Amino acid sequence: MEAVGIPARRSTAQRWVSRVREAGPYVWLIPALGLFLVFRLYPVLYGMYLSLHTWDGIQVPRFVGLENFAYALFTDDLFRMALMHNVLYAIGTVTGKNVLALFLAVLLNVPLRGRAFFRTTLFMPVVMSFVVVGILWTWMYNTQFGLINAILGLVGIDPVDWVGDPKLALWALMGVDIWKWYGYHMVIFLAGLQGIPVVLYEAARVDGAGAWRQFWNITVPMLRPIIGVSVTLSLMGAFNVFDIIYVMTQGGPNNSTLVVVVHSYLQGFKFYRMGYGATLSVILLVIVIIASAIQIRLMRTEKVD
Amino acid sequence: MITRRMLRPSRLATESSRYLVLVVCALTIGYPIYWMVQQSFKSKYEMYANAWGLPSQIVYQNFTDAISAGMLRYILNSVFVSAGAVVIVLICACLAAYSFSKFKFRGGIVLFYMFVFTLIVPAEVLIIPLYSVVSGLKLANTYMGLMFPYAAGGLPISIFFLKAFFDTIPTEIEEAAKVDGCSNFGVFWRIVLPISGPGLATIAILQFITAWNEFVLALIFVQSPDLRTIPLALMMFQYSYSVDWGPLFASLSMATVPIIVVYVLMQRQFIQGLTAGAIKG
């Protein structure tokens, strides 16, 4: 490069070149950051902003401070009911999915004829849309024509109104959720089981430990991190559930399957109380973060080496 | 080879009960799906009268009904939106992940964790502000109005996974290329990307399936009937065909069977993609 011109200009050019070179790594991030800022970060912040306002989606939002939060936490029976349903849903599905998945993973973790077939089949509902699963199971649960009642009829049990009975509906939905997802958790556990050294089991067998003891003293401790991840995922899924509820019951009958996200959706898009809907989302987000943090901490305090 | 030890009664009992449990589980999963498909080949009368048996004769009427109700258009919409989302997320995530993986720079760690941390925040929590943003950008009720939020949603896991993937590529290859005068981007484009097939395929499949099955955002952003993606179309069929199940089941099959076929053919990528974050996390 020729040193033409005033020395001050040249050092500016040199500074620019080095600045561009330094910016190099950041340039690669521009597309991702752009996407992220516009469609992730800004909505999170805007959602928090909206939660402090009343807004019908058209007029200018009106600031109401913590009024929405107070309403949600102290006055809105539906919200508290929805949250209770989420908690029940969480307890049911997290337990169901993980216990079933772990059991089947252990069963499948041996050289077995047709092992790949079982893994493929059990994982299949995971790739299906929850809408498809929901509609399918609406038919399975049908009081008159459904397969479930048909099977129960074979052993002489009267037809049950799975989805129409407020006392049963939430549990019926939980069953569908577990049905769809346990293959996913099973695969995760299978991967974890592969990582457990076989020598541990052999040593235990030599010491006379039976299958049950081997499971509790070797498998479970070694799988702890994976179990943690699996539980976290299913926990978050249970609190954020929307698709299956909306497809199968829309929160009914009599709000017996109402969950927070459905409530938030209805408030925002059916009743045009978008500020309040945002408030519900913010509360849910806080709850999910706290619940996940607690759960992760709980699983980490008992470290086994 | 069957040894005498394998035939011991207690062993046989364990193995057979193991198989029994597995078979029962496989049936509970597989049968409903199979039932859904074979139901769509029955005439309307037979769907009621013979709900659980095989069709006495194969009928295609349900499929033609579904197609005249617009199913092909809806499938096309889903294809567009999902493919678009995949392209966008691959571009953004590859560039970002490569940068995080190969360049050591201040703020790299911070930004990486910022991306990954947002895994905690699902789309369901953002429905209202996202709606506002998308409408504000005049993207409501458009293909792009779905593609970009879908891509943004898939960004954290994609960056996380691709960074780990790029980390496994030996630096000697890149250094050799750089010695030959290749720029950073050149190394990325000409050396690293071509050998990243498996990683990219995994992420592409994961994002495609996620977008294909996505429901909430589609429900909120799509207003015109001919823009519906498959999940919305199925909901509509469920309402309008509450007495006439034929087209409903045909649509369910049309929506599901292709996915299942591709899944069975590419199991490893599917399973790997969908569980990628969980196992590495």
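# Reading the labels in a predicted two-chain model

Q: Why is Leu112(A) called buried in this predicted model?
A: Its relative accessible area is 12%. Buried means under 20%. Leu112(A) is therefore buried.

Q: Where does Leu112(A) lie, and what does it touch?
A: Leu112(A) lies in the loop between α3 and α4 (115-127) of chain A. Residues up to four places away in sequence are left out of the contact list. What remains is Leu107(A), together with Glu15(B), Arg18(B), Tyr19(B) and Leu22(B).

Q: What makes α3(A) oblique to α1(B)?
A: The axes of α3 (residues 77-108) of chain A and α1(B) cross at roughly 130°. They come within 10 Å. Roughly perpendicular covers 65 to 115 degrees, and roughly antiparallel starts over 145. The angle falls in neither range, and α3(A) is therefore oblique to α1(B). The crossing is left-handed.

Q: Which residues make that contact of α3(A) with α1(B)?
A: From α3(A) come Phe103(A), Leu104(A), Val106(A), Leu107(A) and Leu108(A). From α1(B) come Arg18(B), Val21(B), Leu22(B) and Cys25(B). By class, eight are nonpolar, none is polar and one is charged.

Q: How do you know that α1(B) and α13(B) are oblique to each other?
A: Helix α1 (residues 9-39) and helix α13 (residues 245-265), both of chain B, pack at about 125°. Their axes are 8 Å apart. An angle between 115 and 145 degrees is neither roughly perpendicular nor roughly antiparallel. The two helices are therefore oblique. Their crossing is left-handed.

Q: Which residues of α1(B) and α13(B) meet, and how do they divide by class?
A: The α1(B) side is Ile33(B), Trp35(B), Met36(B), Val37(B) and Gln39(B). The α13(B) side is Trp245(B), Phe249(B), Leu252(B), Ser253(B), Thr256(B), Val257(B) and Ile260(B). The classes are nine nonpolar, three polar and no charged residues.

Q: How many aromatic pairs does the model hold, and why is the one of Phe39(A) and Phe148(B) called stacked?
A: The count is 46 aromatic pairs over all chains. For Phe39(A) and Phe148(B), the centres lie 5.8 Å apart and the planes make 5°. A pair needs centres within 6.5 Å, and stacked needs planes under 30 degrees apart, so both tests are passed.

Q: What makes this a pair that joins two chains?
A: Phe39(A) lies in helix α1 (residues 7-50) of chain A, and Phe148(B) lies in helix α7 (residues 143-167) of chain B, so the pair joins two chains.

Q: Are Phe39(A) and Phe148(B) buried or exposed?
A: Phe39(A) has a relative accessible area of 6%, so it is buried. Phe148(B) has 24%, above the 20% limit and under 50%. Phe148(B) therefore counts as partly exposed.

Q: Why is the pair of Phe100(B) and Phe115(B) called edge-to-face?
A: Their ring centres are 6.1 Å apart and their planes stand at 70°. Edge-to-face means planes over 60 degrees apart. The pair is therefore edge-to-face. Phe100(B) is in helix α4 (residues 71-102) of chain B and Phe115(B) in helix α5 (residues 108-117) of chain B, so the pair ties together parts 15 residues apart in sequence. Phe100(B) and Phe115(B) are both buried.

Q: Which residues form one aromatic cluster with Trp28(A)?
A: The other members are Tyr98(B), Phe103(B), Phe165(B), Phe166(B), Phe185(B), Phe188(B) and Trp189(B).

Q: What is the omega of the cis peptide bond that joins Gly252(A) and Pro253(A)?
A: Omega is about -15°. Pro253(A) sits in the loop between α10 (243-248) and α11 (260-269) of chain A.

Q: What is the phi of Asn254(A), and is the residue buried or exposed?
A: Phi is near 60°, a positive value in a residue other than glycine. Asn254(A) is in the loop between α10 and α11 of chain A. Its relative accessible area is 67%, over the 50% cut-off, so Asn254(A) is exposed.

Q: Why does Asn255(A) count as partly exposed?
A: Its relative accessible area is 30%. That falls between 20% and 50%, so Asn255(A) is partly exposed. Asn255(A) also has a positive phi of about 60°.

Q: How do you know that Val127(A) is buried?
A: Its relative accessible area is 1%, under 20%, so Val127(A) is buried. Val127(A) is found in helix α4 of chain A. Beyond four places in sequence, Val127(A) touches Ile209(B), Asn213(B), Ile259(B), Tyr263(B), Phe270(B) and Leu274(B).

Technical notes. Residues are numbered from 1 along each chain as its sequence is written. Chains are lettered from A and ligands numbered from 1 in the order in which they are written. This is a predicted model: local features need pLDDT of at least 70, side-chain atom pairs count only at pLDDT 80 or more; totals for chains, interfaces and linings use all residues. Side-chain values use heavy atoms; hydrogens and water are left out. Axes are lines fitted to C-alpha atoms, for helices over the stretch in contact, and angles run from 0 to 180 degrees between N-to-C directions. Helices (H or I, at least four residues) and strands (E, at least two) are DSSP runs, numbered from the N terminus. Angles under 35 degrees count as roughly parallel, over 145 as roughly antiparallel, 65 to 115 as roughly perpendicular and the rest as oblique. A crossing is left-handed if the near helix is turned anticlockwise from the far one by less than a right angle, and right-handed if clockwise. Contact means heavy atoms within 4.5 Å. Ala, Val, Leu, Ile, Met, Phe, Trp, Tyr, Cys and Pro count as nonpolar, Asp, Glu, Lys and Arg as charged, and the others, Gly among them, as polar. Rings of Phe, Tyr and Trp (its six-membered ring) pair if their centres lie within 6.5 Å; planes under 30 degrees apart count as stacked, over 60 as edge-to-face and the rest as tilted. Buried means under 20% relative accessible area, exposed over 50%, partly exposed in between (1.4 Å probe, protein chains only).
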